[in-house]
Amino acid sequence: MGQQPEMQPEGPPQDGRGEGAAGLRPGDLTGRAFPLGDWGEPAVRLDELYRWVERGALDTAAWYLADRVWKRRGARVLRLGAAGGAVAGAALPLLDMTGVVGGVAPWGYLALLLGVACVAGDRYFGVTSGWIRDVATAQAVQRRLQVLQFDWASESVREVLGPAEGTAGEAAERCLGVLRRFSEDVTELVRAETADWMVEFRTGATPLGIQSAGVVGQRSEAGSQGRFPLPPGAGARPNMPRQRPPEPR
């Protein structure tokens, strides 16, 4: 994790409604009121809803990026303490046994105990795992936002060139479906990260679903595979009951 380039929260959009996003602090991730507007001009209304959805995704990613700052620093301190304690715990008793430095063996045992305490504290409080979850969730939200941006651009180009099929109402419904699916994906990403945190808080260990944040970001669009998935084995060949061969007469 330490060798990867640091992620930076994206800047506010150019609609002037993103002021104060850079000052988000952990604890500010709350729900937002749905914007009310006039549907007399559907294109303007859809653009307003898109910017509202995009702003919410950027705020969510910025929240996780801000929350991971202190966890990253704490994880580095605890890991350095664990490494230093392990090295000192092995080196000091060896120096005492060889006679290079006398009377330092007890300090080596104390350093080893300190290293074990750092490892236990990191695991119990979930500092490193929380850092990883924050980065993974922010990356998943930003990756899903890129998909939304390209999908919205595709819908915009389709409207500019003229709809190939359907009416204007169907085109507006299709755009609303894109925004709704994106909002559901972001909500599911946050829910999965919260569920992982709850599991870790109860067990005191790293949850097995720590990478679940990246799974939701890769879900396929509903239009390609249908809204409801087929049950397992639906496309398989049905097993016919075996029949006994006729007995010879």
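Helices here are DSSP runs of H or I with at least four residues, and strands are runs of E with at least two, numbered from the N terminus. With that in hand, the layout is easy to read: going along the sequence, this chain follows the pattern α-α-α-α-α-α. That gives six helices and zero strands. One thing to keep in mind from the start is that this is a predicted model.

**The chain as a whole**

Let's begin with the broad numbers. The chain has 249 residues, and 33% of them are buried. Its accessible surface comes to about 16,700 Å², and carbon and sulfur atoms account for 61% of that area. As for how the chain meets itself, take the contacts with a separation of 6 or more: 76% of them are between residues 24 or more positions apart.

What about disulfides? A search of the whole structure turns up zero of them. Cysteines do appear in the model, though, and two can be named here. Cys 118 counts as buried because its relative accessibility, 12%, falls under the 20% cut-off. Cys 175 is buried too, with a relative accessible area of 6%.

**Some buried residues**

Here is a small selection of residues that count as buried, with their relative accessibility.

| Residue | Relative accessibility |
|---|---|
| Cys 118 | 12% |
| Cys 175 | 6% |
| Leu 189 | 0% |
| Glu 193 | 9% |
| Glu 200 | 4% |
| Ala 138 | 0% |

**Helix 4 and its neighbours**

Helix 4 is a good place to look next, and it covers residues 168-203. Leu 189 lies in this helix. Although Leu 189 and Thr 137 are 52 residues apart in sequence, their C-alpha atoms are 6.7 Å apart in space.

Thr 137 turns up again with another residue of helix 4, Glu 193. Leaving aside residues up to four places away in sequence, Glu 193 touches Tyr 64, Arg 133, Asp 134 and Thr 137. Is Glu 193 buried or exposed? It is buried, because a relative accessibility of 9% is under 20%.

Further along helix 4 comes Glu 200. Which side chain does Glu 200 join through a polar contact of 2.3 Å? The partner is Ser 129. Glu 200 also counts as buried, since its relative accessibility is just 4% and the cut-off is 20%.

Now switch to helix 3, which holds Ala 138. Ala 138 and Val 190 sit 52 residues apart in sequence, with 9.6 Å between their C-alpha atoms. With 0% relative accessibility, Ala 138 is another residue that counts as buried.

**The second largest pocket**

Finally, there is a pocket to visit. The second largest one holds about 330 Å³ of space. How many residues line the second largest pocket? There are 16, and those lying nearest its centre are Phe 125, Gly 126, Arg 133, Trp 197 and Phe 201. Arg 133 has come up already, as one of the residues that Glu 193 touches.

Several helices share the lining of this pocket. Helix 1 (42-98), helix 2 (105-125), helix 3 (127-161) and helix 4 each supply at least two of its residues. Which helix gives the largest share of the lining? That is helix 4, with six residues.

Notes
Residues numbered from 1 in each chain as written. Predicted model: local features only at pLDDT ≥ 70, side-chain atom pairs only at ≥ 80, totals over all residues. Heavy atoms only, no water. Buried < 20%, exposed > 50% of the residue type's maximum accessible area, 1.4 Å probe, protein only. Contact = heavy atoms within 4.5 Å. Areas by Shrake-Rupley, 256 points an atom, 1.4 Å probe, with all protein chains shown as cover. Disulfide = S-S within 2.5 Å. Polar contact = N/O pair within 3.5 Å; in protein donor to acceptor, adjacent residues only side chain to side chain. 1 Å grid on protein atoms, 1.4 Å probe; cavity = no way out; pocket = protein on both sides within 12 Å on 5 of 7 lines; lining within 4 Å. Points joined across faces, edges and corners; volume = space filled by probe spheres on them.
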